[in-house]
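User: I should like to learn how to read the empty spaces in a protein model. Could you take me through them step by step?
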Amino acid sequence: MEYLLEGIMNVTWQQLVMYGVGILLIWLAVKKEYEPSLLLPMGFGAILVNLPASGVINQVMSGVGEVNGVIQWLFEVGIEASEVMPVLLFIGIGAMIDFGPLLSQPVMFLFGAAAQFGIFFAICAATLMGFDLKDAASIGIIGAADGPTSILVSQILHSKYVGAIAVAAYSYMALVPIVQPFAIKLVTTKKERTIHMEYQPGSVSKTMRIAFPIVTTIIVGFIAPASVALVGFLMFGNLLRECGVLKTLSDTAQNELANLITLLLGITISFSMRAEAFVNVDTIMIMAIGLLAFVFDTIGGVVFAKFINLFRKKKINPMIGAAGISAFPMSSRVVQKLAAQEEPGNIILMHAAGANVSGQIASVIAGGIVINLVTRFL
């Protein structure tokens, strides 16, 4: 009882806030089913690392003295020193993605690029709000709608806001069904949202499916070398899927590997959610900038589609542009759901899926470009 009372007396109000944040993330994961595989470990980890004298941060071992606790060790080895966990996760993500809808409609590459506008808008906003360039760039990558990319870029650039950036990235990814319809309706009319599009799937040969990840990796390696770790592992995972002779490895990458890395990544990121580093005005500003990034990603993609329609006789449903963010497959489902709400029977899912997988590639390329640009200035 004495130790319990002593522990309670040592709890700060900032730590109490973090217990609330942890419980909120767990509630969103369990009750709302928002990105549960990541929000639940992050939420529970936020509680663990904020317990007074938490053993997951540091431990005193007999005959050895103070050593790093398990979460601090995982963070230093798996993220801070080598960024290995976010990179390995891309193998699993690549193995899950079918690039067929994109390869049959190559024009969808443009929407993936346009929907990264929010990244650069957020970087400018963060800089104007007083963040230094490396932190502003890391915060802007929240707009990639890609949690692993956000974590990796913030680590490479040595941002001190990794925890807040990770929470913002994954929270807003989970809130795509709320954020995107709002942003889409801001810049479209009902008539535009009811545009029908015919889907005539082109022939995508096995040779093309195998060549695509190889060629993409080579091209990106020349354009944005800093993104090779991200794009290369994403494409390697996809090559496992498409080659047809490594089904067991492909299944392992999609399931056991992806699940294990996701579990460890979620609870390890909580090391950056210690109260003294997390509970401050900067975190609130980061969450606000992250929301702006998501909104302007969506608007950027939609406005680009509207611009293309100025030169086309056969119009594109501009909502397709919103699916160009990296939140796959959630964003394409949101766009399809909105299309069906506006006019039952309007099917644009395959077009949206093509733009969505394009966004997965574009987000990691954007991350590499930002790293290249920032490291040149610093």
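Analyst: This is a predicted model. Let us begin with the second largest pocket, which has a volume of about 260 Å³. It is lined by 14 residues, and those closest to its centre are Gln 105, Met 197, Glu 198, Arg 312 and His 351. By class, the lining of the second largest pocket comprises 5 nonpolar, 5 polar and 4 charged residues.

User: What is the volume of the largest pocket, and which residues are closest to its centre?

Analyst: Rolling a probe the size of a water molecule over the atoms reveals where space is left empty. Here, the largest pocket holds about 730 Å³ of space. Its lining has 28 residues, with Glu 35, Met 96, Met 173, Phe 328 and Pro 329 closest to the centre.

User: Which element supplies the largest share of the lining of the largest pocket?

Analyst: The largest share, 4 residues, belongs to α16. At least two residues each come from α3 (36-48), α5 (84-96), α10 (147-156), α11 (162-174), α16 (247-269) and α20 (330-342). Sorted by class, the lining of the largest pocket has 17 nonpolar, 7 polar and 4 charged residues.

User: How many cavities of 30 Å³ or more does a search of the whole structure find?

Analyst: The search finds 1 cavity of 30 Å³ or more. The largest cavity has a volume of about 30 Å³, and its lining includes Lys 160, Tyr 161, Ser 272 and Phe 278. Two or more lining residues come from each of α11 and α17 (275-278), and α11 gives the most, with 3 residues. The lining of this cavity divides into 5 nonpolar, 3 polar and 1 charged residues.

Methods: Residues are numbered from 1 along each chain as its sequence is written. This is a predicted model: local features need pLDDT of at least 70, side-chain atom pairs count only at pLDDT 80 or more; totals for chains, interfaces and linings use all residues. Side-chain values use heavy atoms; hydrogens and water are left out. On a 1 Å grid over the protein atoms alone, a cavity is a set of points where a 1.4 Å probe fits but cannot get out, and a pocket is an open set with protein on both sides within 12 Å along at least five of seven lines; lining residues have an atom within 4 Å of a point. Grid points are joined across faces, edges and corners, and a volume is the space filled by probe spheres set on the points. Ala, Val, Leu, Ile, Met, Phe, Trp, Tyr, Cys and Pro count as nonpolar, Asp, Glu, Lys and Arg as charged, and the others, Gly among them, as polar.
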